[in-house]
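Student: I am new to this structure and would like a close look at a single part of it. Could you take one side chain, go through its surroundings with care, and then tell me about the rest of the fold?

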Amino acid sequence: MPEYRIVEHRGKFSLAYNELERGRVRVALGTDDRGLAEARARDIWRQRNAPPSERVADLWKPYVADRKATVARTDRFDSLWKALEPHFGHRLGKAISREDCREYHKARKKAGKSASTIKTELEFLRACLRWHYKDAAPALWMPPESKPRDRYLTTTERDKLLESIDTPHVRLFVILALTTGARMSALLDLTWDRVDLEHGTIDLNPAGREITNKRRTTVPINSRARAALEQAQKAALTDYVIEYDEKPVKSIRKAIRSAAARSKVPCSPHVFRHTAGVMMAQADVPMQKIAQYLGHTSTRVTETSYARYSPSFMKDASAALDW
């Protein structure tokens with residue numbers, strides 16, 4: 001969806017924007033009052049870009065266009081819609097019920113999809129409806145939270161996995177994932193202008209990215225990450241830290257699966273993030289610091305996942321009950 005501008009034309013204001021087919025388009029607003037012109041422009045723009053119907057397929061397009069303007073990676077929307085469209089595309093947004101969501105959950109489970117994947121899909125459907133209907137959006141049923149993932153790498157497994165990886169960009173990804181605790185998308189987004197080797201920090205949040213529950217933070221660069229980054233920077237051919245064949249990498253899951261098979265160390269990009277959290281907890285790093293490092297919205301999330309790995313967590317509570 002193009003952005004509009006308010007311009008002066010023959011002593012009065014007009015709404016102006018660019019279209020792919022028509023080029024520059026200008027619509028007279030009929031006033032020389034800036035405030036009135038802005039109000040009229042908003043109304044005209046809203047009418048011109050209103051969905052042709054209230055079917056979810058028509059609501060999804062402007063929602064995604066708006067989201068793509070504020071998120072760094074946009075490729076996930078295609079896969080989300082591929083899952084949602086057969087079930088909800090033809091439905092009217094306000095007619096979707098909690099039971100419809102439960103039926104979707106059953107169908108996706110039958111198709112072999114994980115609980116977390118299904119929950120994410122329904123959360124995006126809910127976000128689309130809330131974006132369009134605001135407070136009038138229907139209340140959708142959401143699956144319960146999944147149990148915290150327990151799989152993490154031991155130091156032996158970590159070393160064994162890295163020994164099996166010869167491809168530079170895959171090895172760099174694994175090292176950064178383990179030393180920053182960042183999500184896969186954050187590392188694949190990472191550009192060299194946000195890696196400050198002089199001051200020893202990595203800013204995982206690109207400029208202009210909307211702050212969501214999947215928060216990204218700024219983390220320090222430890223010696224392991226620094227060595228890998230300095231080596232990679234010397235050979236860099238693009239602005240992206242993780243690159244291959246002079247292009248940014250869109251997904252690294254297949255390469256990680258191959259490395260896991262070769263090393264016989266079961267793992268995934270999320271296992272690396274979980275491993276980072278466990279390693280900090282095992283070293284008795286306070287939950288508040290782990291939460292900040294991983295970009296959690298609250299320490300409650302951190303404690304649910306990592307408190308049980310901390311040697312001293314609640315030890316004082318136990319001591320208070322001793323005699």
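Tutor: In this predicted model, the side chain of D58 makes a polar contact with the side chain of S53, at 2.4 Å. D58 itself has its place in helix α2, which covers residues 56–68, and once the neighbours within four places in sequence are left aside, the residues in contact with D58 are P51, P52 and S53, so that S53 appears both in this list and as the partner in the polar contact. D58 is buried and yet has no salt bridge, and the nearest side chain of opposite charge, that of K61, is 4.7 Å away; because a salt bridge requires the charged atoms to be within 4 Å, the distance of 4.7 Å to K61 does not qualify.

Turning from D58 to the strands, we find an open sheet of three strands, arranged in the order β1-β2-β3 with antiparallel pairing. Its edge strands are β1 (5–9) and β3 (23–28), each of which pairs on one side only, and from one strand to the next the twist averages 40°. Between β1 and strand β2, which is made of residues 12–19, the antiparallel pairing runs over five bridges, and V7 has S14 in β2 as its bridge partner. Helix α1, formed by residues 34–48, packs on this sheet and touches β1, β2 and β3, while its direction makes about 30° with that of β2.

Key
Residues numbered from 1 in each chain as written. Predicted model: local features only at pLDDT ≥ 70, side-chain atom pairs only at ≥ 80, totals over all residues. Heavy atoms only, no water. Helix = DSSP H or I, 4+ residues; strand = E, 2+ residues; numbered from the N terminus. Buried < 20%, exposed > 50% of the residue type's maximum accessible area, 1.4 Å probe, protein only. Lys, Arg positive; Asp, Glu negative; His and termini not counted. Polar contact = N/O pair within 3.5 Å; in protein donor to acceptor, adjacent residues only side chain to side chain. Contact = heavy atoms within 4.5 Å. Pairing = 2+ DSSP bridges. Axes fitted to C-alpha atoms, helices over the stretch in contact; angles between N-to-C directions.
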